[in-house]
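Good morning, and thank you for coming. I would like to walk through one helix and its packing partner.

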Amino acid sequence: MASSYPPAQLSLPAPSAAPAVESRQEGFELPAHTSSVARARARLRSRLQHWGFPEELGHTAQLVISEFVTNAVLHTDTIRIRCRIHLDGERLRIEVTDEGTQSCAPQARSATSDEVNGRGLQLVGALAQRWGVSAHGAGCGRVVWAELGATSVL
């Protein structure tokens, strides 16, 4: 499912003097409206700034969450979207969960040069260390996730 593009490099902040790495997470829910894409980006950007992560990681993470929320809004019949960001050491995991009833999972596709859309998941594949799709609950909806870290860049 992940793209064959090589991951780019990103420098993360040096570890703190604290002996144990603190795990941080935040979750939030948004209505399945196009305006939620900007709200998800802003919420993620704010949280990453609060956690002290570099702007470069923030840009990459915002692109990923934008793609996932946009796909949930445009390509599923969900009425709400749940987002979760989890920072554990140098790994940032972004998850977007929908409640759509379709059984198909999002897949990267090759857009032609004259198509405006269709490249978002290719970008995610190029930027993320890993990404994928998991079933959510009892066959209703899915969780699309990506992991960014020390080798993820924009």
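Let me begin with the outer face of helix α1: the face turned away from its buried side carries Gln49 and His50, both exposed, where exposed means over 50% relative accessible area, buried under 20%, and partly exposed in between, with a 1.4 Å probe and protein chains only. Helices here are DSSP runs of H or I with at least four residues, strands are E runs of at least two, and both are numbered from the N terminus.

This is a predicted model, in which local features need pLDDT of at least 70, side-chain atom pairs count only at pLDDT 80 or more, and totals for chains, interfaces and linings use all residues. Residues are numbered from 1 along each chain as its sequence is written, and side-chain values use heavy atoms, leaving out hydrogens and water.

On the inner side of α1, the buried residues are Ser36, Val37, Ala40, Leu44 and Leu48. Viewed down the axis of α1, they fall within an arc of 110°, so they line one face of the helix; the arc is taken from the directions from the helix axis to the C-beta atoms. Their cover includes β1 (23-31), α2 (55-75), β2 (80-88) and β3 (91-98), with contact meaning heavy atoms within 4.5 Å.

After α1 comes Gly52, with a positive phi near 80°.

Finally, the partner helix. Among the α1 residues that meet α2 are Arg41 and Arg45, and the α2 side includes Leu57, Ala61 and Ile65.
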